[in-house]
Amino acid sequence: MSFRFWRRIRIAPGVTLNLSKSGGSLSFGPRGAKFTIGPRGKRATVGIPGTGLFYTTTLPSGRSSGRRSASYSAPAVPTVRPEDRLTLGFFKRLITPDDEEALVDGCRELVLGNEEKAL
């Protein structure tokens, strides 16, 4: 188990300085509603005081974070052709029961619009 460090220092009513092993952050707001600015970006948190129930969301930053380059873009999602979506490979066909194999083949034909072949 690793060591952890965390300390909250009240600077003024509604303003706290949060210190941890990974860095510091500032939180603004009353109990139950906080806006936090720190090394992991900006976060808004709302909760029910004393219950431990809360919801946190990360807010978009106006600039890119230090961890990613400015030219970062999400990886493209591979596209699969409709005729390849419901296809059993060679080895999968060896271990799949015949009735399940027929069901998959029928579903694939139905997706392709071949109702007669699907039946």
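This passage describes the largest pocket and the salt bridges of a predicted model. Residues are numbered from 1 along each chain as its sequence is written. Local features need pLDDT of at least 70 and side-chain atom pairs pLDDT 80 or more, while totals for chains, interfaces and linings use all residues, and side-chain values rest on heavy atoms, without hydrogens and water.

The largest pocket (an open set of points on a 1 Å grid over the protein atoms alone where a 1.4 Å probe fits, with protein on both sides within 12 Å along at least five of seven lines) has a volume of about 800 Å³, taken as the space filled by probe spheres set on the points. Its lining, formed by residues with an atom within 4 Å of a point, comprises 32 residues, of which R8, S27, K34, T36 and T45 lie nearest the centre. Strand β5 (strands being DSSP E runs of at least two residues) gives the most to this lining, with five residues.

Four salt bridges were counted, each defined by a side-chain nitrogen of Lys or Arg within 4 Å of a carboxyl oxygen of Asp or Glu. R93 pairs with E101 at 2.9 Å, N to O. R93 also bridges to D105, the closest N and O atoms being 2.8 Å apart. Since R93 lies in helix α2 (residues 90-95) and D105 in helix α3 (residues 98-111), this pair ties together parts 12 residues apart in sequence; helices are DSSP H or I runs of at least four residues. R93 is partly exposed at 27% relative accessibility, whereas E101 is buried at 18% (buried, under 20% relative accessible area; exposed, over 50%; partly exposed, in between; 1.4 Å probe, protein chains only). R93, E101, D105, R108 and E109 are linked in a network of salt bridges.
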